[in-house]
Amino acid sequence: MKHLLTALILIISLSSCGNERIVQLPETQNKDILEINDVSSIYLFYDEAKDSVEFNRKNMISTTNWLVAIDKRINLKQTLPHLQYLHEKRHGDGMHKNEAARNYFSCSNPDIKNLAFIDFTDTKFIEESASMHQSKSSSLLGKRSVILEFLSQNEITIHNISDSLSMIKSSKFSFINDIKSNLKTEDAILKLDFNNLLTFQDYIDIKSELLKLNMNNLIISDKEFIHN
């Protein structure tokens, strides 16, 4: 268990056996969560020469909040199994459990020159397309199911946005406005579908934009779909 200040220092770099390993944190402009206490630090390092990752959870304590530092260069395919592991560990049965403990992505906020955190405790990461998953399960009664398909930052497709408009082509810079203008009143659940070659920075960019979406008629599904 570490105090917040210690965690902030360790997230940026970690020295072991004289070799310094650096996590290049993803950037966000989001400022919703800036301070967390009672934490453990978890790292996903990137080896650019080998295009490989190292998952370091040596300091993970089940009863604490987990600050997860993932190198922004890692793609979602490389990240997925570790995110699934963390979800299962947090929500699985265990002898020592703290129901109030949360999972957070650690990010760098250049505006305030400090860390910012994005909560992902309840997110379940599924290796399947949203459309395939939807075909095998029922949607929430009375709610339109809208799939946001993120192929790249400049190639986003919004599916089933209205009865008269089955698809909209969008981008990172416009998809929030497209949602707001086309789903003003109808109740809908948004399902996030990510290409697994997106980098973790791409993912945080998208999640940061979605945190700006404040519409009472919309629910963002706690299931996220990552696939090729």
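Mentor: Before we start, a word on residue classes: Ala, Val, Leu, Ile, Met, Phe, Trp, Tyr, Cys and Pro count as nonpolar, Asp, Glu, Lys and Arg as charged, and the others, Gly among them, as polar. Please also keep in mind that this is a predicted model.

Trainee: Thanks! How many nonpolar, polar and charged residues does the lining of the second largest pocket have?

Mentor: This pocket holds about 210 Å³ of space. Its lining is made of Glu27, Thr28, Gln29, Asn30, Lys172, Phe173, Asp205, Ser208, Glu209, Leu211 and Lys212. Sorting these by class gives 2 nonpolar, 4 polar and 5 charged residues.

Trainee: And which element gives the largest share of the lining of the largest pocket?

Mentor: The largest pocket has about 280 Å³ of space. Strand S7 (114–119), helix H5 (200–210) and strand S13 (218–227) each give two or more residues to its lining. With 4 residues, the largest share comes from S13.

Trainee: How does the lining of the largest pocket divide into nonpolar, polar and charged residues?

Mentor: There are 18 lining residues, and Asp119, Phe120, Thr123, Lys207 and Leu211 lie nearest the centre of the pocket. Taken by class, the lining comes to 7 nonpolar, 4 polar and 7 charged.

Trainee: Helix H5 came up there. How many residues of H5 are buried?

Mentor: Buried means under 20% relative accessible area. The residues of H5 that meet this cut-off include Asp202, Asp205, Lys207 and Glu209, along with Phe200, Tyr203 and Ile206. The helix is largely enclosed by the rest of the structure, because the buried count is 11 of 11.

Trainee: Now the inside of the protein. How do the residues lining the largest cavity divide by class?

Mentor: The model has 1 cavity of 30 Å³ or more, and the volume of the largest cavity is about 30 Å³. Its lining consists of Ile42, Tyr43, Leu44, Phe55, Val68, Ile70, His82, Leu83 and Leu86. By class, that is 8 nonpolar, 1 polar and no charged.

Trainee: Which elements supply at least two residues each to that cavity's lining?

Mentor: Residues such as Ile42, Val68 and His82 are part of the lining, which helps you find the place on the model. The elements that qualify are strand S3 (39–47), strand S5 (65–70) and helix H2 (76–91).

Trainee: Is Thr64 buried or exposed, and which side chain does the side chain of Thr64 make a polar contact with?

Mentor: Thr64 is in the loop between strand S4 (52–56) and S5. With a relative accessible area of 0%, Thr64 is buried. At 2.5 Å, the polar contact of the Thr64 side chain is with the side chain of Ser40.

Trainee: Which backbone nitrogen does the side chain of Asn75 reach?

Mentor: Asn75 sits in the loop between S5 and H2 and counts as buried at 16% relative accessibility. Leaving out residues up to four places away in sequence, Asn75 touches Asn196, Leu197, Leu198 and Thr199. Over 2.8 Å, the Asn75 side chain reaches the backbone nitrogen of Gln78.

Trainee: What is the phi of Asp51?

Mentor: Most residues other than glycine have a negative phi. Asp51 is in the loop between S3 and S4, and counts as partly exposed at 44% relative accessibility. Its phi is positive, near 50°.

Trainee: Where is Asn160, the residue with a positive phi of about 60°?

Mentor: Asn160 is not a glycine, yet its phi is positive. Asn160 counts as partly exposed, because its relative accessibility is 33%. Its place is the loop between strand S10 (155–159) and strand S11 (167–170).

Trainee: What distance separates the C-alpha atoms of His133 and Phe225?

Mentor: His133 belongs to helix H3 (residues 130–135). Setting aside neighbours within four places in sequence, His133 is in contact with Ile126, Glu128, Lys223 and Phe225. His133 and Phe225 are 92 residues apart along the chain, and their C-alpha atoms are separated by 8.7 Å.

Trainee: Last one, for the protein chain overall. Among contacts between residues at least 6 apart in sequence, what percentage join residues at least 24 apart?

Mentor: The chain has 5 helices and 13 strands, and 49% of its 228 residues are buried. Its accessible surface comes to about 11,800 Å², with 48% belonging to carbon and sulfur atoms. For the contacts you ask about, the share is 68%.

Terms used. Residues are numbered from 1 along each chain as its sequence is written. This is a predicted model: local features need pLDDT of at least 70, side-chain atom pairs count only at pLDDT 80 or more; totals for chains, interfaces and linings use all residues. Side-chain values use heavy atoms; hydrogens and water are left out. On a 1 Å grid over the protein atoms alone, a cavity is a set of points where a 1.4 Å probe fits but cannot get out, and a pocket is an open set with protein on both sides within 12 Å along at least five of seven lines; lining residues have an atom within 4 Å of a point. Grid points are joined across faces, edges and corners, and a volume is the space filled by probe spheres set on the points. Buried means under 20% relative accessible area, exposed over 50%, partly exposed in between (1.4 Å probe, protein chains only). A polar contact is a pair of N or O atoms within 3.5 Å; within protein, one must be able to donate a hydrogen and the other to accept it, and residues adjacent in sequence count only if both atoms are side-chain atoms. Contact means heavy atoms within 4.5 Å. Accessible areas come from the Shrake-Rupley method with a 1.4 Å probe; for residues, only the protein chains shown count as cover.
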